[in-house]
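Could you walk me through this structure in my viewer? I would like to know what to select at each stop and what I will find there.

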Number of protein chains: 2
Amino acid sequence: MVSPVSTLTADFNNSSSSTSSKVKKILTVPDGVNPALMKMEYAVRGPIVQRAEQLTQQLKDEKESSSVPFSQVVYCNIGNPQSVGQSPVTFLRQILSVLVCPSLINLEPSPFPTDVIERAKGILSNSNGIGAYTESPGLLYIRKTVANALTLRDEGIVASVDNIFLTNGASDGVKALLQLLIRSPNDGIMIPIPQYPLYSATLTSLKGTQVPYFLNEESNNNDKNWSLDINELQTSYNEAKRKGIDVRALVVINPGNPTGHVLSKDQIYSIIKFCEKNNLLILADEVYQANVFKPSKFLSFKKAVVDLNSDVEVASFHSVSKGVLGECGIRGGFVEVYNMEKDTRDVIYKIFSVSLCSNVLGQTAVSVMMNPPKLGDPSYEIYNKEVNGIFNSLQRKSEKLSKAFNSFEGVSCNNSQGAMYLFPKITMPEKAIQESFKQGFSSPDDLYCMQMLEQTGICTVPGSGFGQKEGTYHFRTTFLPPEDQIDNVIEQMRTFHEDFLQKYSH
Amino acid sequence: MVSPVSTLTADFNNSSSSTSSKVKKILTVPDGVNPALMKMEYAVRGPIVQRAEQLTQQLKDEKESSSVPFSQVVYCNIGNPQSVGQSPVTFLRQILSVLVCPSLINLEPSPFPTDVIERAKGILSNSNGIGAYTESPGLLYIRKTVANALTLRDEGIVASVDNIFLTNGASDGVKALLQLLIRSPNDGIMIPIPQYPLYSATLTSLKGTQVPYFLNEESNNNDKNWSLDINELQTSYNEAKRKGIDVRALVVINPGNPTGHVLSKDQIYSIIKFCEKNNLLILADEVYQANVFKPSKFLSFKKAVVDLNSDVEVASFHSVSKGVLGECGIRGGFVEVYNMEKDTRDVIYKIFSVSLCSNVLGQTAVSVMMNPPKLGDPSYEIYNKEVNGIFNSLQRKSEKLSKAFNSFEGVSCNNSQGAMYLFPKITMPEKAIQESFKQGFSSPDDLYCMQMLEQTGICTVPGSGFGQKEGTYHFRTTFLPPEDQIDNVIEQMRTFHEDFLQKYSH
């Protein structure tokens, strides 16, 4: 089988261009790989983003003589605040640096406030340091901090360390719960449309059934927000049941992604009653719980379940990537389960144990997020100043951007009550629709976003990546670029949009 | 459905003890959860470890008046060096602390050598800092470092950044490749017995078929190592084919876990030829590549594949958790694929993109592991001293421990040529076998390890967790406890072992 003399050239490490294949490849596309993974789609990191990465590299390589009609790529495709200039929060980073390099404690004079040193010492003396695997669900010491913080958030409803599992970002928690729920292709999970594609992608990879329910873009009040309609939930559920699907759980993203709406107490109560009635578990994606502009107070699904004295099982996901920390690269998060049997939690424990544990610096970031400095602590003032600065700037940018979108011809955009995104609707010219299919795009908003990228350098995600009512077209943008760039982003988008309408108007 | 008045008491957050259930639970055990996850087993974090964690807590709570017959739990169940006293390598930690808190660069006088500052600046200026998501397969800058290091390791065989995916530890890479390979329950993967249970657990969760091949405990030479026999591979393969299984890949763990053997060049060549002949992809678990005592040089499967001018597809896994860094809590690793088509790599990219990226400090740790300080660098001397200290101590402890095991009555233990484990074989007294089944243990070595824990505080993993030939009994222990405790560990194990034999002798 083996040729004794190598006939390979310099090209030998790129096997795809090899012509003298001796053995049949195993992982051939499409038949050789798991078909569920072939089908899986994930637009937030799809072809438009990959093109944006190429353009970024091209700008870097070509420098002055670039053929690209803009000077930088502005990534509005993903909630990644620090990639577009948001500064990390000092208090957290100081604690992490001491944990990474404990000898920094001995520096004189100390560059760190005393509460930073105390926090770091607390974790060091209740762990084997950040270089050791922790217990599978995360350090008990940190889970206690999280449990206490949840108890405070939920106005005294006691959280238990046994219900908390620390994870690498929220995604790992979502995947674990979906993996637990999907026993066969007949098992269905209700997901909102539009939705964050982690849910559809994971369900596809698990060969489960998506049971979509539509969020309502045209609300009946003056608030101009997306909303959730219980009748629509019931209709969607009934239709799935008619098809013989065993509907097992409902995903709710609150605050909404990509829609930015925040559910009211009444809506949350109604959803829980709907789940009780139809025997559904609730997967509550609450990663934007610190990004609520209005109403000013976040209500967790778990608190609402307890308020209603309900037995409905809930899993709530949280993350350090969003909120005001925006620490996406650290990969910290957790899932809190509630109303779940001990035997079930043991299986969740086992799932996480196969990956041993989540990264310990991410675990630490979770503990800081949940337990920030308090009034009187040395770091309180600077922490508050930083965090309020970020929060208020996000709100201003959100309002400015949605107002601008509503002034574009044929565009309407609901307000954002929370989260980090706007999801404007575009009245798509008929010729653009034809052109997009001619060019092989799956949806006209793919064409729209690709052309926006090529013309302006602004990278957004087409509505098709999140799902939308047939015949409607959207894109999702973050409102994360720095405040002094927002006007420029708006003007570039406006110019592009007018050109696009012009181009496809007749 | 909802009772207007709460009838719950202080117990309400522990639903499992609730008696007035109104709704039917969804995630009930066993019927309500994915049966594959119910079946999945992971002994490295199984019931014995959970008992060890209870005992640790009990010792902490009870302090002086403890009823436990030892003063500390010694965790030998898992390759977690820093949990048993191994110090982190200074150079890596200094770089990470600067990345976490870049303002430390401005400290005067600087507590960091100049090469630490340079490394940190290199990563900062080629990324958006450690708080931003990176590209899905990891920072290009770090993948370039890894590719260069692999080229050097493999004596000039050029590695490509497009073949490298940075992951949270090695586990995520293994799971991604297995997920790609398993299309239906009829797809089989050859795994060694004994094996690291990540493979069996992941295959069970994916509903794939395990095709076990036995490693050979009794070698024919004087080396007293575990070995791999090509005839056994072929027998195992043929048997699976006869059953109609589509055997797709072979897992090789080299250096071996839990067996500690290191494959020779001839053996590696033979394995590749076997895979060519039978059309198998190679999953090479090479996380212990820096833990090779003899032969002194590690040969990667990828290099051997190129040496043989072979087209066999290879995925090689590596991690910062092992080697001399032992940075388990940071969760850094990577997979390098080779001979794979571009379309296949695109699917791998997509899998990782759903989790957005691995943690950036883990990515950085990978880059430092692959590109340590060089002769002449300011950090070279201390780095080398630390790393050699760790390496030599591991080797001494391994030899001491295996020699001791061979002096226990009815115990035989092969040498460790690498990795971090010994896997001694116990001649189990017939009465112990009967007792273990009476007590409901699945294997007599479960009873052995549980009693060892209860009597000495030493936590090991029963051979049943890794698989073993029927009628043989083993346990796995790391040789990681500090050198000054090893004699004590040996004496406690010896006393326990003698008592055990005594207890079950008649």
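To follow the stop at the rotation axis, it helps to know that copies are superposed by least squares on the C-alpha atoms of residues with pLDDT of at least 70 in both. Keep in mind that this is a predicted model.

**Stop 1: the two chains.** Show chains A and B together. A turn of 180°, with a shift of 0.0 Å along the axis, lays chain B on chain A with an RMSD of 0.0 Å. That is how a two-fold axis relates two copies. Now select B:Ser97: of the residues of chain B, its C-alpha comes closest to the rotation axis, at 2.2 Å. Next, colour the interface. The copies meet through the same surface, because 100% of the interface residues of chain B are also interface residues in chain A.

**Stop 2: the sheet.** Hide chain A and look for seven strands of chain B, which form an open, mixed sheet in the order E2-E8-E7-E6-E5-E3-E4. Which strands stand at the edges? Select 164-167 (E2) and 209-214 (E4) in chain B: each has a single partner strand, so one side of each is left without a neighbour in the sheet. On average, neighbouring strands here are turned by 20° against each other, direction ignored.

**Stop 3: one strand pair.** Select residues 281-285 (E6) and 314-319 (E7) of chain B, which pair in the parallel sense over four bridges. Zoom in on B:Asp285, whose bridge partner in E7(B) is B:Phe317.

**Stop 4: a helix on the sheet.** Finally, select residues 140-153 of chain B, helix H5, which packs on the sheet and touches E2 and strand E8 (333-338). The direction of H5 makes about 115° with that of E2(B).

Notes
Residues numbered from 1 in each chain as written. Chains lettered and ligands numbered in written order. Predicted model: local features only at pLDDT ≥ 70, side-chain atom pairs only at ≥ 80, totals over all residues. Heavy atoms only, no water. Pairing = 2+ DSSP bridges. Helix = DSSP H or I, 4+ residues; strand = E, 2+ residues; numbered from the N terminus. Axes fitted to C-alpha atoms, helices over the stretch in contact; angles between N-to-C directions. Contact = heavy atoms within 4.5 Å.
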